[in-house]
Amino acid sequence: MPITTEKALPAPTDIPGLMLRRAECRDSDVLAKLITQLGYPTVAGSMIVRMRALLDRPDDHFVIVAEWRGTVVGVIAAALSFHIEHDQAYGRITVLSVDEAHRSLGIGAVLLAYAEAWLRDRGAGICIVNSHIRRNDAHRFYKREGYRLTGYRLEK
Ligand SMILES: CC(C)(COP(=O)(O)OP(=O)(O)OC[C@H]1O[C@@H](n2cnc3c(N)ncnc32)[C@H](O)[C@@H]1OP(=O)(O)O)[C@@H](O)C(=O)NCCC(=O)NCCS
């Protein structure tokens, strides 16, 4: 599926040595580690199954990794969704995780900017993200990137 986002992948970034590319099943091992660091213990075997399901839906889902000097150090996943109460589609960031040893280098911001562009190019008018109430550091990050608090997420 052709990428219409201005910055086609794989793409270099403004951070020397850092590039973005689409995630593949062969990344399952490192993706499992990044998702585990996010607080959801995951093994590579489960990740392959999840990746296959996501890669089967390229029109409205994507998973992008940040590779620094050949090593995957971050991942972002996003999905395009549709309102019943508005005409315009919206985007959801479903996962964002940067390796603990590579945080505060701007990698999260680069991944987020790419995801927003991908969603915008496919018609999303807004972008939303669910973030657990205890993730204060992540909230600081999102606010810095222009997000504002608009509601609660309720779970049952
Ligand atoms: C939030 C996160 C994706 C940001 O990625 P990043 O590459 O560190 O982002 P940037 O370098 O662009 O921005 C860094 C900012 O992120 C915030 N941040 C959030 N968690 C952080 C962490 N554990 N360590 C360092 N910075 C963190 C800080 O505000 C930081 O700003 P500062 O360096 O001025 O203090 C990354 O820290 C991470 O993976 N955290 C754990 C998982 C998580 O909470 N994901 C979001 C789920 S909704």
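The backbone of this fold is an open sheet of six strands, in the order β1-β2-β3-β4-β5-β6, with mixed pairing. Two strands sit at the edges, β1 (11–12) and β6, and each of them pairs on one side only. Keep in mind that this is a predicted model.

**The two ends of the sheet**

Let's start at the β1 end. Here β1 and strand β2 (residues 18–22) run antiparallel, joined by two bridges. If you want a spot to look at, find P12, which stands opposite M19 in β2.

Now jump to the other end. Strand β5 (residues 89–98) and strand β6 (residues 124–129) run parallel, and five bridges join them. A89 is a handy marker for this pairing, as its bridge partner in β6 is A124. To get from β5 to β6, the chain passes through helix α3 (residues 107–121), and this β-α-β crossover is right-handed.

While you're in β5, have a look at Y90, which is found in that strand. Is Y90 buried or exposed? Its relative accessible area is 16%, and the cut-off for buried is under 20%, so Y90 counts as buried. Y90 also comes within 8.6 Å of A79, C-alpha to C-alpha, with their positions 11 residues apart in sequence.

**Around the ligand**

The ligand is surrounded by 20 residues, and the closest are L96, V98, S104, G106 and G108. By type, the shell splits into nine nonpolar, six polar and five charged residues.

Three of the polar contacts are worth zooming in on, and here they are side by side:

| Residue and its atom | Ligand atom | Distance |
|---|---|---|
| L96, backbone N or O | nitrogen | 2.9 Å |
| G108, polar backbone atom | oxygen | 2.7 Å |
| R144, polar side-chain atom | oxygen | 3.1 Å |

So what does the protein do to the surface of the ligand? Taken alone, the ligand exposes 840 Å², and the protein buries 79% of that. The elements that give two or more residues to this shell are β5, α3 and α4 (136–144). Which of them gives the most? That's α4, with six residues in the shell around the ligand.

**Two residues with positive phi**

Most residues other than glycine have a negative phi, so a couple of loop residues deserve a second look. One of them is S104, whose phi is near 65°, a positive value in a residue other than glycine. You'll find S104 in the loop between β5 and α3, and this serine is also among the residues closest to the ligand. With the protein chains alone counted as cover, S104 is exposed, as its relative accessible area is 79%.

The other is R69, with a positive phi near 50°, again in a residue other than glycine. R69 lies in the loop between β3 (61–68) and β4 (71–81). Is R69 buried or exposed? Its relative accessible area is 63%, and the cut-off for exposed is over 50%, so R69 counts as exposed.

Key: Residues are numbered from 1 along each chain as its sequence is written. This is a predicted model: local features need pLDDT of at least 70, side-chain atom pairs count only at pLDDT 80 or more; totals for chains, interfaces and linings use all residues. Side-chain values use heavy atoms; hydrogens and water are left out. Two strands pair if DSSP finds at least two bridges between them. Helices (H or I, at least four residues) and strands (E, at least two) are DSSP runs, numbered from the N terminus. A crossover is right-handed if, with the strands pointing away from the viewer, the path from the first strand over the helix to the second runs clockwise. A residue is near a molecule or strand if one of its heavy atoms lies within 4 Å of it. A polar contact is a pair of N or O atoms within 3.5 Å; within protein, one must be able to donate a hydrogen and the other to accept it, and residues adjacent in sequence count only if both atoms are side-chain atoms. Accessible areas come from the Shrake-Rupley method with a 1.4 Å probe; for residues, only the protein chains shown count as cover. Ala, Val, Leu, Ile, Met, Phe, Trp, Tyr, Cys and Pro count as nonpolar, Asp, Glu, Lys and Arg as charged, and the others, Gly among them, as polar. Buried means under 20% relative accessible area, exposed over 50%, partly exposed in between (1.4 Å probe, protein chains only).
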